[in-house]
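Hi,

Here is the structure I promised to pass along. Have a look at it first, and my notes follow underneath.

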Amino acid sequence: MDDEPPQTASSGSLSIVRAGGVIILFVLAVAILVSVGTRPSVSSTPTTTTPTTTTTTAAGGVTTTTVAVVSTTTTTVAHTTTTKVAHTTTTNAGHKGKATTTTTAPPSATTVVVANGTSVSGLAAHYSTVIGAGGWTMKTPIDAATSVPTSAVYYAAGQQQQAGSIATTIGVKPAQVLPISTSTPVTGATGIDVVVVIGADLASTTTATT
(Lines give C-alpha, C1' and ligand atoms only; values in the text may rest on other atoms or scores of the structure.)
Protein backbone atom coordinates (compact mmCIF):
# COMPACT_ATOMS: atom_id res chain seq x y z
CA MET A 1 0.00 0.00 0.00
CA ASP A 2 1.44 3.39 -1.08
CA ASP A 3 2.02 6.04 1.56
CA GLU A 4 0.33 9.48 1.16
CA PRO A 5 2.69 12.19 -0.03
CA PRO A 6 3.67 14.63 2.74
CA GLN A 7 2.04 18.10 2.73
CA THR A 8 4.31 20.83 1.54
CA ALA A 9 5.07 24.10 3.35
CA SER A 10 3.47 26.04 0.49
CA SER A 11 0.03 24.65 1.31
CA GLY A 12 0.29 25.88 4.89
CA SER A 13 1.43 29.30 3.71
CA LEU A 14 -1.52 29.47 1.34
CA SER A 15 -3.98 28.82 4.14
CA ILE A 16 -2.43 31.50 6.31
CA VAL A 17 -2.52 34.09 3.52
CA ARG A 18 -6.15 33.31 2.77
CA ALA A 19 -7.04 33.56 6.42
CA GLY A 20 -5.22 36.87 6.62
CA GLY A 21 -7.13 38.17 3.60
CA VAL A 22 -10.46 37.23 5.14
CA ILE A 23 -9.54 38.98 8.39
CA ILE A 24 -8.52 42.14 6.53
CA LEU A 25 -11.83 42.20 4.64
CA PHE A 26 -13.75 41.71 7.88
CA VAL A 27 -11.90 44.51 9.67
CA LEU A 28 -12.45 46.91 6.77
CA ALA A 29 -16.15 46.10 6.62
CA VAL A 30 -16.57 46.63 10.38
CA ALA A 31 -14.68 49.92 10.24
CA ILE A 32 -16.88 51.19 7.41
CA LEU A 33 -20.09 50.21 9.22
CA VAL A 34 -18.96 51.92 12.42
CA SER A 35 -17.93 55.06 10.53
CA VAL A 36 -21.29 55.30 8.75
CA GLY A 37 -23.29 54.55 11.90
CA THR A 38 -21.60 57.28 14.01
CA ARG A 39 -21.85 60.14 11.53
CA PRO A 40 -24.13 63.05 12.56
CA SER A 41 -27.52 63.21 10.93
CA VAL A 42 -27.46 65.88 8.26
CA SER A 43 -29.28 66.51 5.06
CA SER A 44 -27.43 64.33 2.57
CA THR A 45 -27.76 62.88 -0.88
CA PRO A 46 -27.71 59.12 -1.22
CA THR A 47 -24.34 57.55 -0.41
CA THR A 48 -22.34 56.29 -3.35
CA THR A 49 -20.21 53.24 -2.57
CA THR A 50 -17.34 52.39 -4.93
CA PRO A 51 -15.58 49.07 -4.40
CA THR A 52 -11.84 48.95 -5.11
CA THR A 53 -10.25 45.59 -5.84
CA THR A 54 -6.53 45.05 -5.29
CA THR A 55 -4.87 41.85 -6.44
CA THR A 56 -1.54 40.85 -4.90
CA THR A 57 0.56 37.94 -6.06
CA ALA A 58 2.85 36.56 -3.36
CA ALA A 59 5.90 34.44 -3.78
CA GLY A 60 5.11 30.82 -4.54
CA GLY A 61 2.22 31.66 -6.88
CA VAL A 62 -0.31 32.54 -4.15
CA THR A 63 -2.76 35.28 -5.19
CA THR A 64 -4.52 37.41 -2.58
CA THR A 65 -7.46 39.58 -3.56
CA THR A 66 -8.31 42.51 -1.28
CA VAL A 67 -11.55 44.40 -1.70
CA ALA A 68 -11.67 47.92 -0.21
CA VAL A 69 -14.95 49.77 -0.10
CA VAL A 70 -14.77 53.50 -0.59
CA SER A 71 -17.87 55.33 0.62
CA THR A 72 -18.65 58.79 -0.75
CA THR A 73 -21.31 60.93 0.84
CA THR A 74 -22.43 64.32 -0.45
CA THR A 75 -23.72 66.55 2.34
CA THR A 76 -25.87 69.60 1.72
CA VAL A 77 -25.76 72.28 4.39
CA ALA A 78 -28.68 74.69 4.45
CA HIS A 79 -27.84 78.31 5.15
CA THR A 80 -30.63 80.29 6.75
CA THR A 81 -30.49 84.04 7.21
CA THR A 82 -32.83 85.55 9.77
CA THR A 83 -33.32 89.28 9.79
CA LYS A 84 -34.88 90.93 12.80
CA VAL A 85 -35.93 94.54 12.53
CA ALA A 86 -36.62 96.22 15.78
CA HIS A 87 -37.84 99.61 15.79
CA THR A 88 -37.68 101.28 19.19
CA THR A 89 -38.36 104.95 19.99
CA THR A 90 -37.37 106.15 23.48
CA THR A 91 -37.85 109.64 24.84
CA ASN A 92 -35.91 110.42 27.97
CA ALA A 93 -35.57 113.81 29.52
CA GLY A 94 -32.57 112.64 31.51
CA HIS A 95 -32.07 112.46 35.24
CA LYS A 96 -31.80 116.25 35.36
CA GLY A 97 -34.92 116.84 33.24
CA LYS A 98 -37.71 118.87 34.78
CA ALA A 99 -41.35 117.85 34.54
CA THR A 100 -43.76 120.63 33.68
CA THR A 101 -47.09 120.58 35.48
CA THR A 102 -49.87 122.93 34.47
CA THR A 103 -52.50 123.60 37.07
CA THR A 104 -55.75 125.28 36.02
CA ALA A 105 -57.63 127.11 38.76
CA PRO A 106 -61.42 126.58 38.92
CA PRO A 107 -63.64 129.42 37.61
CA SER A 108 -64.75 130.22 41.12
CA ALA A 109 -61.20 131.42 41.90
CA THR A 110 -61.58 134.28 39.40
CA THR A 111 -63.52 137.45 40.26
CA VAL A 112 -65.43 139.15 37.43
CA VAL A 113 -67.27 142.46 37.18
CA VAL A 114 -69.45 143.52 34.23
CA ALA A 115 -69.69 147.21 33.28
CA ASN A 116 -72.38 148.69 31.04
CA GLY A 117 -70.78 150.94 28.41
CA THR A 118 -74.06 151.84 26.70
CA SER A 119 -77.23 153.76 27.38
CA VAL A 120 -79.27 150.57 27.35
CA SER A 121 -80.40 149.79 30.87
CA GLY A 122 -79.83 146.40 32.47
CA LEU A 123 -77.08 145.10 30.17
CA ALA A 124 -74.52 144.72 32.94
CA ALA A 125 -76.92 142.70 35.09
CA HIS A 126 -77.93 140.55 32.11
CA TYR A 127 -74.38 139.61 31.18
CA SER A 128 -73.45 139.07 34.82
CA THR A 129 -76.07 136.32 34.87
CA VAL A 130 -74.81 134.80 31.60
CA ILE A 131 -71.19 134.78 32.71
CA GLY A 132 -71.98 133.66 36.27
CA ALA A 133 -73.54 130.47 34.88
CA GLY A 134 -69.98 129.35 34.09
CA GLY A 135 -69.05 129.24 37.77
CA TRP A 136 -67.12 132.51 37.92
CA THR A 137 -67.32 134.66 41.04
CA MET A 138 -69.40 137.65 39.94
CA LYS A 139 -69.27 141.09 41.55
CA THR A 140 -72.05 143.69 41.52
CA PRO A 141 -72.65 145.09 38.01
CA ILE A 142 -71.48 148.68 37.41
CA ASP A 143 -71.53 151.34 34.72
CA ALA A 144 -68.52 152.10 32.59
CA ALA A 145 -66.84 155.50 32.82
CA THR A 146 -67.78 156.20 29.23
CA SER A 147 -69.82 154.76 26.39
CA VAL A 148 -67.96 152.36 24.11
CA PRO A 149 -68.87 151.11 20.63
CA THR A 150 -67.13 147.76 20.94
CA SER A 151 -67.31 145.32 23.83
CA ALA A 152 -64.04 144.18 25.43
CA VAL A 153 -62.78 141.92 28.19
CA TYR A 154 -59.88 143.14 30.31
CA TYR A 155 -57.75 140.94 32.53
CA ALA A 156 -55.30 141.31 35.41
CA ALA A 157 -51.89 139.61 35.41
CA GLY A 158 -52.18 135.83 35.12
CA GLN A 159 -55.84 135.94 34.09
CA GLN A 160 -55.57 135.98 30.28
CA GLN A 161 -56.80 132.40 29.82
CA GLN A 162 -59.82 133.02 32.02
CA ALA A 163 -60.59 136.27 30.21
CA GLY A 164 -60.44 134.49 26.87
CA SER A 165 -62.90 131.87 28.08
CA ILE A 166 -65.36 134.54 29.27
CA ALA A 167 -65.02 136.44 25.97
CA THR A 168 -65.93 133.29 24.05
CA THR A 169 -69.01 132.83 26.22
CA ILE A 170 -70.50 136.26 25.40
CA GLY A 171 -69.26 136.57 21.83
CA VAL A 172 -66.38 139.01 22.22
CA LYS A 173 -63.63 138.64 19.60
CA PRO A 174 -60.14 137.51 20.74
CA ALA A 175 -58.67 140.83 19.54
CA GLN A 176 -60.76 142.56 22.20
CA VAL A 177 -59.27 140.55 25.09
CA LEU A 178 -56.81 143.03 26.59
CA PRO A 179 -54.79 143.54 29.78
CA ILE A 180 -56.13 145.99 32.34
CA SER A 181 -54.47 149.38 31.96
CA THR A 182 -55.10 153.05 32.61
CA SER A 183 -57.13 153.17 29.41
CA THR A 184 -59.66 150.63 30.66
CA PRO A 185 -63.00 152.57 30.78
CA VAL A 186 -63.92 151.47 34.29
CA THR A 187 -63.30 153.00 37.69
CA GLY A 188 -63.50 151.33 41.05
CA ALA A 189 -62.49 147.86 39.79
CA THR A 190 -59.31 147.55 41.81
CA GLY A 191 -58.49 143.98 42.78
CA ILE A 192 -60.85 142.45 40.18
CA ASP A 193 -59.37 139.69 37.99
CA VAL A 194 -61.52 140.23 34.88
CA VAL A 195 -63.47 143.33 33.82
CA VAL A 196 -66.09 142.95 31.09
CA VAL A 197 -67.24 146.12 29.34
CA ILE A 198 -70.42 145.77 27.30
CA GLY A 199 -70.44 148.04 24.23
CA ALA A 200 -72.96 149.05 21.60
CA ASP A 201 -72.20 145.98 19.45
CA LEU A 202 -73.61 143.57 22.08
CA ALA A 203 -76.41 145.99 23.06
CA SER A 204 -77.84 145.76 19.55
CA THR A 205 -78.08 141.97 19.76
CA THR A 206 -79.29 141.67 23.32
CA THR A 207 -82.77 142.07 24.75
CA ALA A 208 -82.30 143.23 28.31
CA THR A 209 -84.70 141.88 30.84
CA THR A 210 -83.64 143.97 33.80
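How many of the five residues of β8 are buried? Five of the five, so to speak a full house: β8 is mostly covered. Before you read on, keep in mind that this is a predicted model.

Let me stay with β8 for a moment, meaning residues 194-198. Cover comes on both of its faces, with V194, V196 and I198 buried on one side and V195 and V197 buried on the other. That fits the usual pattern: in a regular strand, side chains alternate between the two faces of the sheet.

Now for the strands that pair with β8. One of them is β3 (residues 111-116), which runs parallel to β8 and is joined to it by five bridges. Within that pairing, N116 has I198 as its bridge partner. Another is β6 (residues 152-155), and here the two strands are antiparallel, with four bridges between them. If you want to find the register on screen, look for Y154 opposite V195, and for Y155, whose bridge partner in β8 is V194.

β6 itself is worth a look too. A152 and Y154 point one way from the strand, while V153 and Y155 point the other way, and all of them are buried. Besides β8, β6 also pairs with β7 (residues 177-179), this time in the parallel sense and over three bridges. Y155 turns up again in that pairing, where it stands opposite P179 of β7. To get from β6 to β7 the chain goes through α3, and the resulting β-α-β crossover is right-handed.

That brings me to the helices. How do α2 and α3 cross, at what angle and within what distance? The axes of α2 (residues 123-132) and α3 (residues 160-170) come within 10 Å and cross at roughly 115 degrees. The crossing of α2 past α3 is right-handed. On the α2 side the contact is made by Y127, V130 and I131, and on the α3 side by I166, T169 and I170. Sorted by type, the residues in this contact are five nonpolar and one polar, with no charged ones.

So much for my tour. If you open the file, I would start from Y155, given that it is paired with V194 in β8 and with P179 in β7.

Cheers

Technical notes: Residues numbered from 1 in each chain as written. Predicted model: local features only at pLDDT ≥ 70, side-chain atom pairs only at ≥ 80, totals over all residues. Heavy atoms only, no water. Axes fitted to C-alpha atoms, helices over the stretch in contact; angles between N-to-C directions. Left-handed = near helix turned anticlockwise from the far one by under 90°. Contact = heavy atoms within 4.5 Å. Nonpolar A, V, L, I, M, F, W, Y, C, P; charged D, E, K, R; others polar. Buried < 20%, exposed > 50% of the residue type's maximum accessible area, 1.4 Å probe, protein only. Pairing = 2+ DSSP bridges. Right-handed = clockwise from strand over helix to strand, strands pointing away.
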